Amino acid sequence: MSTYLSGGCQCGAVRYRIRGVPANPHLCHCRMCQKASGNYALPLGFVAHQDFELTRGTPAWFHSSGLVRRGFCAACGTPLFFEPIDGDGLNVTLGALDEPERAKPALQSGQDSRLSFFHALAELPEEAATVSADWLAAVARKTHQHPDHDTAAWPPKDD
């Protein structure tokens, strides 16, 4: 298993590499993280600055408060980072990792804003696997999404 993890945005314009696995992997339920991700919670994990390296592109930044800025891809909008101003590191969005299974959340924060139905989401009925598999295969044949590994260049020249 690699001592590094890589990650990046959906379109591949911004890529990064981190040493090790993010510390304090968690789901943040605060309203600011809900808005920043367009989701019910935002999975985050801490990486010290010395263990983080951008390998492609430059993120855009939004100062969501006087204490925090959030990095994202200006081309596709993928939320990538939560960085306390003057901190010693940043939090990466765990879903943007190429191997998100290696950063299993260990706790939850911002629970005062956790949505009342969040705990019941796993109990929702699931679509038939064949419908989902057929749809995903059709999408994969014409995808513009960056693969879950580093590439020398993106998009491919024939795109």
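## Pairing in the larger count of strands

Two strands pair if DSSP finds at least two bridges between them. This model is predicted. In it, strand 8 and strand 9 are joined by 2 bridges and run antiparallel. Phe82 sits opposite Asn91 of strand 9.

These strands belong to an open sheet of 7 strands. The order is 6-7-8-9-4-3-10, and the pairing is mixed. Strand 6 (60–62) and strand 10 (107–109) stand at the edges. Each has a single partner strand, so one side of each is left without a neighbour in the sheet. Neighbouring strands here are turned by 30 degrees against each other on average, direction ignored.

## Strand 4 and its two partners

Strand 4 is mostly covered, with 5 of its 7 residues buried. On the side of strand 9, the two strands run antiparallel and 5 bridges join them. Val47 has Leu90 of strand 9 as its bridge partner.

Strand 3 also pairs with strand 4. The sense is antiparallel, over 4 bridges. Leu27 has Pro43 of strand 4 as its bridge partner. In a regular strand the side chains alternate between the two faces of the sheet.

## The sheet of 3 strands

A further open sheet holds 3 strands. Its order is 1-2-5, and the pairing is antiparallel. The edge strands are strand 1 (4–8) and strand 5 (52–56), and each pairs on one side only. The twist averages 25 degrees from one strand to the next.

Strand 1 and strand 2 (residues 15–19) run antiparallel and are joined by 5 bridges. Gly8 stands opposite Arg15 of strand 2. Gly8 also appears in the lining of the largest pocket.

## The largest pocket

The volume of the largest pocket is about 370 Å³. Its lining counts 23 residues. Gly8, Thr78, Gly95, Ala96 and Leu97 are those that lie nearest the centre.

What is the make-up of the lining, by nonpolar, polar and charged residues? It divides into 10 nonpolar, 10 polar and 3 charged.

## Aromatic pairs

The count of aromatic pairs comes to 5. One of them is Tyr40 with Phe117, an edge-to-face pair. The ring centres lie 5.1 Å apart, with 80 degrees between the planes. Tyr40 lies in the loop between helix 1 (31–37) and strand 4 (42–48). Phe117 lies in the loop between strand 10 and helix 2 (129–141). The pair therefore ties together parts that are 77 residues apart in sequence. Tyr40 is partly exposed, at 36% relative accessible area. Phe117 is partly exposed too, at 37%.

Phe52 and Phe81 form another pair. Their ring centres are 5.4 Å apart and their planes stand at 90 degrees, so the pair is edge-to-face. It links distant parts of the chain: Phe52 is in strand 5 and Phe81 in strand 8, 29 residues apart. Are these two rings in buried or exposed residues? Phe52 is buried, and so is Phe81. Both belong to one aromatic cluster, together with Tyr16 and Trp61.

## Positive phi values

Most residues other than glycine have a negative phi. Asn24 has a positive one, near 50 degrees. Asn24 is in strand 3 (residues 23–28). At 42% relative accessibility, Asn24 counts as partly exposed, because the partly exposed class lies between 20% and 50%.

Asp86 also has a positive phi, of about 65 degrees, although it is not a glycine. Where does Asp86 lie? Asp86 is in the loop between strand 8 (79–84) and strand 9 (89–93). The relative accessible area of Asp86 is 79%, so this residue is exposed.

## A glycine after strand 10

Gly110 is in the loop between strand 10 and helix 2. Gly110 is partly exposed, with a relative accessible area of 26%. Phe117 lies in that loop as well.

How far is Gly110 from Ala75, C-alpha to C-alpha, and what is the spacing along the chain? The two C-alpha atoms are separated by 29 Å, and the residues are 35 apart along the chain.

Notes: Residues are numbered from 1 along each chain as its sequence is written. This is a predicted model: local features need pLDDT of at least 70, side-chain atom pairs count only at pLDDT 80 or more; totals for chains, interfaces and linings use all residues. Side-chain values use heavy atoms; hydrogens and water are left out. On a 1 Å grid over the protein atoms alone, a cavity is a set of points where a 1.4 Å probe fits but cannot get out, and a pocket is an open set with protein on both sides within 12 Å along at least five of seven lines; lining residues have an atom within 4 Å of a point. Grid points are joined across faces, edges and corners, and a volume is the space filled by probe spheres set on the points. Ala, Val, Leu, Ile, Met, Phe, Trp, Tyr, Cys and Pro count as nonpolar, Asp, Glu, Lys and Arg as charged, and the others, Gly among them, as polar. Axes are lines fitted to C-alpha atoms, for helices over the stretch in contact, and angles run from 0 to 180 degrees between N-to-C directions. Buried means under 20% relative accessible area, exposed over 50%, partly exposed in between (1.4 Å probe, protein chains only). Rings of Phe, Tyr and Trp (its six-membered ring) pair if their centres lie within 6.5 Å; planes under 30 degrees apart count as stacked, over 60 as edge-to-face and the rest as tilted.
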